[in-house]
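Grab a pencil and open the viewer. Here are some exercises to work through, each with a solution that goes step by step.

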Amino acid sequence: MRSRRKLRFRLVVSFALFGFGLSALFAIAALNIRGRVEDQLVNASLLDDARWANQQAHEHPGTPSGSRLLTGTVLSDRTLYKAPLSWQNLPNGVHDIFETDEEGQRHHYKLAVYHENGIISFIRYDVSREELGKQQLLVSVIGAVFLFGLLSLALGLWLSRKVLKPVSDLARRLRDFRKNGKAELLAPHFADDEVGELALALDEYAQRLTAMVERDREFNSDVSHELRTPLAVIASTTELLQGSPDLTDKLRERLKRIERASRQATELIEALLLLSRAERRGPTRGETTDVAKVAADVIESQRPQMRDKPLGVELTVKQSVSINAPASVLSVALTNLIGNAIKYTMEGMVTVEVSANRIEVIDTGPGIKPEDAERLFQRGVRGEGAGGSGAGLGLAIVRRLCELYGWDVSMRPRTDSNGAIASIVFG
């Protein structure tokens, strides 16, 4: 996962690093140029001064020779022994030497040596003060680098706050809209710049999204209304027909199946309407829903799906459970879970077990793979060996209904035998 940093933080760090790096490069370049130029000038001056002293001694043998710039000494080959031992074998040029004075302090000297016509000139220059100056310059430059770095950091903070203020304001307004539940136009509150263009684009997108949501809600309401009317007619007509005294048992059973199908369709429409509105609603008139009763009704409605299979369905209530949710929502969820268990189990037993704060549907069918347990709740995904013309939406609808009411729905393979276990844990 990529690291997420605020844009303001990145701007401040970038500006501070840029200022610090630029100051450091300038300091390094300044120190390097100063050292090179200073070293070249000192070497050239010392060597030229030694050459001048040598010429003076050659042209005026009786006159003491010295340095125009520095103190030194001029010796001949016969008096060379008077020079310090470390000087006597030095070739022509400028040399770095280190000596200790009478006070015990160690000094760094530049020693210019020039040997010509039997005369040797020594010019010594104390560069300790220059090194002290270099150290002071280095400390000053380092201090300047840190000072410029702090100034860059402060400037970066100020600029980031100034530059990102419209972006922060835009984010704040969006959060306020989410809290208030209504959207207002953003563009009028911002200047005609990049942030203003972003606000305008967000306004256009929000308008399109709002229009789409409104059309979706109107469509859902219209479809719900238009479907409920014929379903109500079917339910009332079926109820009237069941009251006829001359009905055969077979015809009466078929009318009951029509009534159950009509009731299931009505419940499904109500559940889908709740999903489309993302609306969580409890039972009407303040009552609670008995999970075992709804499960028993669903089992009876699904018995015709067993046909002639050697299959049994039983309901086990270990503990009574009541939930604050419409019976239609729970019925839709259990219809999918129990219906799938009956559909995929060719023989054996389907057990619906109600226990503390949960309900489980246990079958003896072919089972599922552990890696497919979560994937089966995705839209369009069907289990292996699924027949018929289903679209693989049933479990996806169950997942969405459970998420709406804070329930946890899952599937897992059985460990004691073949089959699967589908469970809903009520939150």
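**Exercise 1. Find the residue just after α7 that takes a positive phi, and give its value.**

Step 1. Go to the end of α7: just after it, G406 takes a positive phi of about 75°. Helices (H or I, at least four residues) and strands (E, at least two) are DSSP runs, numbered from the N terminus.

Step 2. Before going on, know what you're looking at. This is a predicted model, where local features need pLDDT of at least 70, side-chain atom pairs count only at pLDDT 80 or more, and totals for chains, interfaces and linings use all residues. Residues are numbered from 1 along each chain as its sequence is written, and side-chain values use heavy atoms, with hydrogens and water left out.

Step 3. Now look back along α7 itself, which is mostly covered: eight of its eleven residues are buried. Buried means under 20% relative accessible area, exposed over 50%, and partly exposed in between (1.4 Å probe, protein chains only). The buried ones are L395, A396, I397, V398, R399, L401, C402 and L404.

**Exercise 2. Take stock of the whole protein: how many helices and strands does its secondary structure come to?**

Step 1. Count them up and you get seven helices and eleven strands.

Step 2. Check the burial: of the 427 residues in the protein, buried ones make up 32%.

Step 3. Check the contacts, where contact means heavy atoms within 4.5 Å. Among the protein's contacts with a separation of 6 or more, 60% come from residues 24 or more positions apart.

**Exercise 3. Is L330 buried or exposed, and which residues does it touch?**

Step 1. Locate L330: you'll find it in helix α6, which covers residues 327–344.

Step 2. Read its relative accessible area. That comes to 0%, so L330 is buried.

Step 3. List its partners, skipping residues up to four places away in sequence: L330 touches T289, V291, V294, I323, W407 and F426.

Step 4. Try a long jump along the chain. L401 is 71 residues away from L330, yet their C-alpha atoms are separated by 8.6 Å.

Step 5. Do the next residue too. S331 also lies in helix α6, and it's buried because its relative accessible area is 7%. With the sequence neighbours up to four places away left out, S331 touches E267, V294 and V298.

**Exercise 4. Describe how α6 crosses α5, and then how it crosses α7.**

Step 1. Recall the recipe: two packed helices are described by the angle between their axes and the distance between the axes. Axes are lines fitted to C-alpha atoms, for helices over the stretch in contact, and angles run from 0 to 180 degrees between N-to-C directions.

Step 2. Start with helix α5 (residues 291–302): its axis and that of α6 come within 9 Å and cross at roughly 45°. That's why α5 counts as oblique to α6. (Under 35 degrees is roughly parallel, over 145 roughly antiparallel, 65 to 115 roughly perpendicular, and the rest oblique.)

Step 3. Name the residues in contact. From α5 come V291, V294, A295, V298, I299 and Q302, and from α6 come A327, L330, S331, L334, T335, I338, G339 and I342.

Step 4. Turn to helix α7 (residues 394–404), whose axis comes within 9 Å of that of α6 and crosses it at roughly 145°. Here V329, V332, A333, N336, L337 and N340 of α6 meet G394, L395, V398 and L401 of α7.

**Exercise 5. What is the order of the strands in the open sheet of five strands?**

Step 1. Write down the order: β6-β8-β9-β11-β10, with mixed pairing. Two strands pair if DSSP finds at least two bridges between them.

Step 2. Find the edges. β6 (311–317) and β10 (408–413) each have a single partner strand, so one side of each is left without a neighbour in the sheet.

Step 3. Walk across the pairs:
- β6 and β8 are parallel, over seven bridges, and T316 stands opposite E353 in β8.
- β8 and strand β9 (residues 358–362) are antiparallel, over five bridges, and T351 has I362 in β9 as its bridge partner.
- β10 and strand β11 (residues 420–425) run antiparallel, joined by six bridges, and M411 has A422 in β11 as its bridge partner.

Step 4. Finish at the hairpin of β8 and β9: there are two residues between the strands, and N357 takes a positive phi near 60°. Strand β8 (residues 348–355) is mostly covered, with six of its eight residues buried.
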